Structures are given as C-alpha cells and as structure tokens.
Amino acid sequence: MKRITALLTLAVLLAACSARTVLVADVDVLSFVDSSEVEGDLAVPGSIDVYVPDADDNLITPDGGQLVTQAPLLDRMSGFAARIAVEVRNDGATDLSVSGAFHLAAASDSANIYDGTDDLKLAEVELTLPAGATQTLELNVELDEDDPALDLLSADGFRVGMAIHASGNGQAHYRIAAFSLVLKARAFDLLPGN
Ligand SMILES: [Ca+2]
C-alpha cells in the first residue's frame, strides 16, 4: 500500500494571507491503486464484496483502505469532495444486484474503515444489472466547511475506500474508471496564531 501525500497548491489568490485565500489539492487516488485492483471479476454464488484500495492483500476483507496525508499539515480542512465511477458488467444469465459505497475514515482507523467506528459511509448507490448489461456506479461526495465529517481529516491525514457489492447468481466484471478527491484549506489557517 503506497501512501498518498496530497500537495496543496494555491488556487485562488485574492489577497496574500487573506481568510478567503483557498489552497486546493486534487488527488487522483486511482493512479495509486495497483493495476490488479483496478478491475476484476466477481463470481457471485449468493453475494460478494470487494474493498478497494486494498490494504491487506485480500480484496474481499475490509481493511484500512488508502491513507492520504497532507502537505502542508493542517488541523482542519475547509472542504472535501470525492468522485468515483465503477463500470460493472453482468457476464451471467440472470439479473444481479450491485452497489458501491464510499467511506471516509480517520488516519488512525487502520484496521477497518467500513465498520462505522471512526469512519463514515458518505455515499452509496445500488442498481439492478440485467444479464449482459454494463452500467456505472457513480459516487459523488461534497462536504463544505461546516460538515462534521471533516473532523475525520486531521493533521495525520485520513483514509478513503470503496466497497463494491454484488449479489445474485452468476458473474460480473468491474472496472474502476475514476477515483479522485479534492481537498480545500484556507491559507489563513496556515498562519501561526490562527
Ligand atoms: Ca472503522
């Protein structure tokens, strides 16, 4: 598991050190995901879950997901967004139920970011996939600075991950097409004494 360090770059310079100056980091999580995890087959004799990015070398067990640290280190972010797209194809002969869920967790939540302790499920989407069909699970999250979920983002960083679930009887193929984050922080918060 590679650690991602998000580099905050100056996006809007209204006035030097103004409270309205915002630092923005775009993080392409997908570029850090091992190619063996980006796509795969789901044999569905009942139901199956996979967890991506995989931190414990076992796709079907929950784990600590992807750790993202920040540079510079901030105590409090002022905004967060996530965009995920997963294409799922039903290779079987009957309908499958498929879903995706995005979790955000504290950096310390290294064992399981999917159990509701020190983590939050911020988006979930479910669809019925007919035999032979391909559809896209889209997960979009946008947190503003008043959202209590931002408390999970600390100077130690944070964790993200996605659970993909399929149930029915047959086989599906998934491919992660997008997994990106946007982090926002006020430059004002970087100043000593603020
Ligand atoms: Ca947890």
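Two strands pair when DSSP finds at least two bridges between them. That is the sense of "pair" in the legends below, and the model they describe is a predicted one.

**Figure 1. The whole chain, with 1 helix and 10 strands.** Start here to get your bearings. Going from the N terminus, the elements come in the order β-β-β-α-β-β-β-β-β-β-β. The chain has 194 residues, and 34% of them are buried. Take the contacts between residues at least 6 apart in sequence: 76% of these join residues at least 24 apart.

**Figure 2. How confident the prediction is along the chain.** Mean pLDDT comes out at 88, with 86% of the residues at 70 or more. Confidence peaks in β9, at a mean of 98, and bottoms out in strand β2 (residues 9-12), at 54. Keep that second value in mind when looking at β2.

**Figure 3. Strand β10 and its antiparallel pairing with β6 and β7.** How many bridges join strand β7 (residues 96-106) to β10? There are 11, and the two strands run antiparallel. For a landmark in this pairing, look for A106, which sits opposite F158 of β10. Strand β6 (residues 79-90) also pairs with β10 in the antiparallel sense, this time over 12 bridges. Here A82 is the residue to find, with L181 of β10 facing A82 across the pairing.

**Figure 4. Strand β10 again, now with β3 and β4.** Strand β4 is joined to β10 by 14 bridges, and the pair is antiparallel. One of the places to see this is P45, whose bridge partner in β10 is N169. Strand β3 (residues 22-28) is antiparallel to β10 too, with 7 bridges between them. Within that pairing, V24 has K184 of β10 as its bridge partner.

**Figure 5. V86, a buried residue in strand β6.** Is V86 buried or exposed? V86 has 22 C-beta neighbours inside 10 Å, so it counts as buried, the cut-off being 20 or more. Its contacts beyond four places in sequence are G100, T136, L137, I164, Y174, I176 and A177. Y174 deserves a second look: it is 88 residues away from V86 along the chain, yet their C-alpha atoms are 6.6 Å apart. When following the strand, remember that side chains in a regular strand alternate between the two faces of the sheet.

**Figure 6. L42, a buried residue in strand β4 (residues 39-52).** With 24 other C-beta atoms within 10 Å, L42 is buried. Once residues up to four places away in sequence are set aside, L42 touches I48, V50, A166, Q171, A172 and Y174. D91 is 49 residues from L42 along the chain, with a C-alpha separation of 9.6 Å. Y174 turns up in this contact list and in the one for V86.

**Figure 7. P53 and D57 in the loop between β4 and β5 (66-71).** Two backbone details are worth checking in this loop. Most residues other than glycine have a negative phi, and most peptide bonds are trans. The bond joining V52 and P53 is cis, with omega about -5°. D57 has a positive phi, near 60°, and is not a glycine. Which side of the burial scale is D57 on, buried or exposed? D57 is exposed, because 9 other C-beta atoms lie within 10 Å.

**Figure 8. D118 in the loop between β7 and β8 (119-129).** Phi is positive here as well, at about 65°, and D118 is not a glycine. D118 has 16 C-beta neighbours inside 10 Å, so it counts as partly exposed.

**Figure 9. A149 in the loop between β9 (134-143) and β10 (158-186).** A149 is partly exposed, because 13 C-beta neighbours lie inside 10 Å. Which residues does A149 contact, leaving aside neighbours within four places in sequence? They are L104, L120, L122 and L143. D119 can be picked out in this view too: A149 and D119 are 30 residues apart in sequence, and their C-alpha atoms are 8.8 Å apart in space.

How values were computed
Residues are numbered from 1 along each chain as its sequence is written. This is a predicted model: local features need pLDDT of at least 70, side-chain atom pairs count only at pLDDT 80 or more; totals for chains, interfaces and linings use all residues. Helices (H or I, at least four residues) and strands (E, at least two) are DSSP runs, numbered from the N terminus. A residue is buried if 20 or more other C-beta atoms lie within 10 Å of its own, exposed if 12 or fewer, and partly exposed in between; C-beta atoms are placed from the backbone. Two residues are in contact if their C-beta atoms, placed from the backbone, lie within 7 Å. pLDDT is the predictor's confidence in each residue, from 0 to 100.
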